[in-house]
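Reader: I have a model open and want to read it feature by feature. Where do we start?

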Amino acid sequence: MLGEDTIPPTVRVSDEDREKAVDVLRQGAVLGQLSNDTFLQRVDVALQAQNMDELAAVLRDLPAPAGRGEWLVRSVRRWSGLGGRLRQAWSGSRIQALPLPRGDRAFVIGRSPDCDLTLANMTVSWRHAELRPSQDDWLLVDLDSTNGTHVNGWRAGAGFHVRSGDSVRFGTVRFRIVDSPQSDQGTT
């Protein structure tokens, strides 16, 4: 079980968390706690933060804003216990697993029977998305689908790096990315 001060690395920061951090930075600048340059640098870091530790780092030296007080502390506490709950949820998950493919070619996802992964759902476009190999990981690219491709709630657009544990959605069809199973091709 994760400790109280540990934040699961697979959970990414939401837009709402980033917006709240930017509001705290804005308030700090208004109150004279941050210079304009520091404010701009920290906003840039907050908007690119991948986890709560990175987001908390841009706010560490600022006092808690009046009226909003403890949102960051509450958020970090909420996220801290999330690891155990996520493991429990994933083990009994009703979301289908999507193993990352093996090989070095792109895999097409869509409604077309010619796709590598065919999804018979009307919210999925004929050629909806593509998983492309990218160095040591995979890039999920939306192929101008009507209902979008999302990774952990973020729109994939021109590409989003995915890894085991990520939640992906093609239209309304949801999957959880898992590592590909070991190959049995070595046996004869």
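**Salt bridges and sheets**

Author: Start with one pair of charged side chains: Glu16 and Lys20 meet in a salt bridge, 3.2 Å from N to O. Keep in mind that this is a predicted model.

Reader: Where do Glu16 and Lys20 lie?

Author: Both are in helix α1, residues 15–30. They are four residues apart, about one turn of the helix.

Reader: How does Glu16 count, buried or partly exposed?

Author: Glu16 counts as partly exposed because its relative accessibility is 48%. Lys20, at 30%, is also classed as partly exposed. The class runs from 20% to 50%.

Reader: Which residue does Arg26 meet in a salt bridge?

Author: Asp23, at 2.6 Å from N to O. These two are three residues apart in helix α1, so about one helical turn separates them. Arg26 has a relative accessible area of 42% and is partly exposed. Asp23 is partly exposed at 29%.

Reader: How many salt bridges does a search of the whole structure find?

Author: Five. One of them links Asp116 to Arg105, with the closest N and O atoms 2.9 Å apart. Asp116 sits in the loop between β2 and β3, Arg105 in the loop between β1 and β2, so the pair ties together parts that are 11 residues apart in sequence. Asp116 is partly exposed at 39%. Arg105 is partly exposed too, at 43%.

Reader: Now the strands. How do I read a sheet?

Author: Strands of a sheet pair through backbone hydrogen bonds, either parallel or antiparallel. Take the order of the strands, then the sense of each pairing. Here five strands form an open sheet, β1-β10-β9-β6-β7, with mixed pairing.

Reader: Why is one side of β1 and of β7 left without a neighbour in the sheet?

Author: β1 (96–99) and β7 (154–155) stand at the edges, and each has a single partner strand.

Reader: In what sense do β1 and β10 pair?

Author: Parallel, over four bridges; β10 covers residues 173–178. To find the register, put Leu98 opposite Ile177 in β10.

Reader: And β9 with β10, parallel or antiparallel?

Author: Antiparallel, over four bridges. Phe170 stands opposite Val173 in β10. Two residues lie between the strands of this hairpin, and Gly171 takes a positive phi near 60°. On to β6 (149–151): three bridges join it to β9 (167–170), again antiparallel. There, Val151 faces Val168 in β9.

Reader: What is the order of the other open sheet of five strands?

Author: β3-β2-β4-β5-β8, with mixed pairing. Its edge strands are β3 (117–118) and β8 (160–162), each pairing on one side only. β2 (107–110) and β3 run parallel over two bridges. Gly110 stands opposite Thr118 in β3.

Reader: Last, a charged residue without a salt bridge. What surrounds Asp142?

Author: Locate the residue, then list its partners. Asp142 is in strand β5, residues 137–142. It is buried yet has no salt bridge. Arg155 is the nearest side chain of opposite charge, 4.6 Å away. The cut-off for a salt bridge is 4 Å. Two polar contacts involve the Asp142 side chain: one to the side chain of Ser145 at 2.5 Å, another to that of Thr149 at 2.6 Å. Leaving aside neighbours within four places in sequence, Asp142 is in contact with His128, Ala129, Gly148, Thr149 and Gly157.

Notes. Residues numbered from 1 in each chain as written. Predicted model: local features only at pLDDT ≥ 70, side-chain atom pairs only at ≥ 80, totals over all residues. Heavy atoms only, no water. Pairing = 2+ DSSP bridges. Buried < 20%, exposed > 50% of the residue type's maximum accessible area, 1.4 Å probe, protein only. Lys, Arg positive; Asp, Glu negative; His and termini not counted. Polar contact = N/O pair within 3.5 Å; in protein donor to acceptor, adjacent residues only side chain to side chain. Contact = heavy atoms within 4.5 Å.
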